[in-house]
Amino acid sequence: MNRQEWLEKRHNFMTASDVPAIMGLSKYRSPIEVWNEKVNGHTDENIAPAAEIGLDIEPVLVRKVGTILKCEAVWLGENLDVAFKVHPHYEYIAATIDGLATLDEQSVQRAEIEFPTDDIKPGTYIIECKTTSKWDGKEDIPQEWVAQCQTQMAVHGIDGVILIVLVMGYNRHYELRFIPFDKSYWDDHILPKIVEFWTYVQTETLPPVTSPDDVDIIKSIYPNVNDMVIEDNELEDMIDRLNQLKEQRNTLDTEIALLEGELRRKGENYKAILAGKYVVDFALQNRKETVIPAKTIKVMRIKQRKTN
């Protein structure tokens, strides 16, 4: 199976990389975005630069696991028939893994130094590769990664994932972690969410809105209006709340504009105003416009005042 065949095939499944989104753990995709991909085949063909770097560096990271733990580490990017697997009991759940590591007693000892744990024993484990600049290893593993790895383990029948992370930035380095299979988390939280979401896909029923970006997706899905009229009195409370929030927003927008205007008036031609714990800076900025001629505007910035 080549990469194009793999991309087309995984479209028909709930994959491990879909799970963080449908559980509301992803910062980049919402459940409705995943639903739109599965039902309408709408996917973004453009790979983000960070994701592209991640794909390119996968074999390097897999080899790094082998080097650090002195174990056999195999990258599966060129063997997608092995990397891609369907759950034995749920034919619509699948997962693709980056690699496999086989640990003996000696490499287990090295692993226990890298990530202290009693869960790792000699055997074969999944390798999951990540690149990031937003996690440095000092905090807990992001839950979106954990949910993805738990799904990989459930599908492939392997009880652990060796997570290798290339932390980008000034202090570039590797972080290694071990994630054991958590059967209760899979059975009680992840699996029910996947089953529920797959029902939305099969019935072509939109899941609940969870992100402001979902509005544009819904507009693109339903661009037309038919002659049907429906009645749903349960929406009355929602509409009342919507109207209330809009009124509050109008009031807040007006108050913000008045307060900013008063600060500008107090600033007159001054460079800055010192106001207790705040500094209000004023500066001239040349702004180039495409429709109207370029002009100089006065920009106001409010900052916390530095204390010695």
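**Notebook: loops, sheets, rings and a pocket**

I began with E204, which I found in the loop between helix 8 and helix 9 (214-221); helices (H or I, at least four residues) and strands (E, at least two) are DSSP runs, numbered from the N terminus. I note that this is a predicted model, in which local features need pLDDT of at least 70 and side-chain atom pairs count only at pLDDT 80 or more, while totals for chains, interfaces and linings use all residues. Residues are numbered from 1 along each chain as its sequence is written, and side-chain values use heavy atoms, with hydrogens and water left out.

**Entry 1: positive phi**

I looked up the backbone of E204 and found a positive phi of about 55 degrees, although E204 is not a glycine. Most residues other than glycine have a negative phi. At 54% relative accessibility, E204 counts as exposed (buried means under 20% relative accessible area, exposed over 50%, partly exposed in between, with a 1.4 Å probe and protein chains only).

I then turned to K70, a residue other than glycine whose phi is positive and near 55 degrees. I placed K70 in the loop between helix 4 (49-69) and strand 2, and its relative accessible area of 54% makes K70 exposed.

**Entry 2: the sheet of five strands**

I traced an open sheet of 5 strands in the order 2-5-6-7-8, with mixed pairing; two strands pair if DSSP finds at least two bridges between them. Strand 2 (72-75) and strand 8 are the edge strands, each pairing on one side only. For the twist I noted that neighbouring strands of this sheet are turned by 25 degrees against each other on average, direction ignored (axes are lines fitted to C-alpha atoms, for helices over the stretch in contact, and angles run from 0 to 180 degrees between N-to-C directions).

At one edge, strand 2 pairs with strand 5 (residues 99-103) in the antiparallel sense over 4 bridges, and there I saw V74 standing opposite L100 in strand 5. At the other edge, strand 7 (residues 160-167) and strand 8 run antiparallel and are joined by 8 bridges, with Y174 in strand 8 as the bridge partner of L166. I followed the chain through the hairpin of these two strands, which has 5 residues between them, and found that G169 takes a positive phi near 120 degrees.

**Entry 3: the sheet of three strands**

I traced another open sheet, in which 3 strands lie in the order 1-4-3 with mixed pairing. Strand 1 (14-15) and strand 3 (84-86) stand at the edges with a single partner strand each, so one side of each has no neighbour in the sheet. Strand 3 and strand 4 (residues 93-96) run antiparallel and are joined by 3 bridges, and I noted F84 opposite T96 of strand 4.

**Entry 4: aromatic rings**

I looked up the aromatic pairs, of which the structure holds 7; rings of Phe, Tyr and Trp (its six-membered ring) pair if their centres lie within 6.5 Å, and planes under 30 degrees apart count as stacked, over 60 as edge-to-face and the rest as tilted. One of them is the pair of F115 and F178, which is stacked, with 6.0 Å centre to centre and 20 degrees between the planes. F115 lies in the loop between helix 6 (105-114) and strand 6 (123-132) and F178 in strand 8 (residues 173-180), so this pair ties together parts that are 63 residues apart in sequence. Both residues are buried.

The rings of F197 and Y200 have their centres 6.3 Å apart and their planes at 80 degrees, so I recorded this pair as edge-to-face. F197 and Y200 are 3 residues apart in helix 8 (residues 183-203), which puts about one helical turn between them, and F197 is buried at a relative accessible area of 4%. I also listed one aromatic cluster, formed by Y90, Y92 and W198.

Returning to F178, I read a relative accessible area of 10%, which is buried. The C-alpha atoms of F178 and Y125 are separated by 9.6 Å, although these residues are 53 residues apart along the chain.

**Entry 5: the second largest pocket**

Which residues line the second largest pocket? I listed L235, M238, I239, R241, L242 and L245. This lining divides into 5 nonpolar residues, no polar and 1 charged (Ala, Val, Leu, Ile, Met, Phe, Trp, Tyr, Cys and Pro count as nonpolar, Asp, Glu, Lys and Arg as charged, and the others, Gly among them, as polar). A pocket here is an open set of points on a 1 Å grid over the protein atoms alone, where a 1.4 Å probe fits, with protein on both sides within 12 Å along at least five of seven lines, and lining residues have an atom within 4 Å of a point. I noted about 320 Å³ of space in the second largest pocket, a volume being the space filled by probe spheres set on the points, which are joined across faces, edges and corners.
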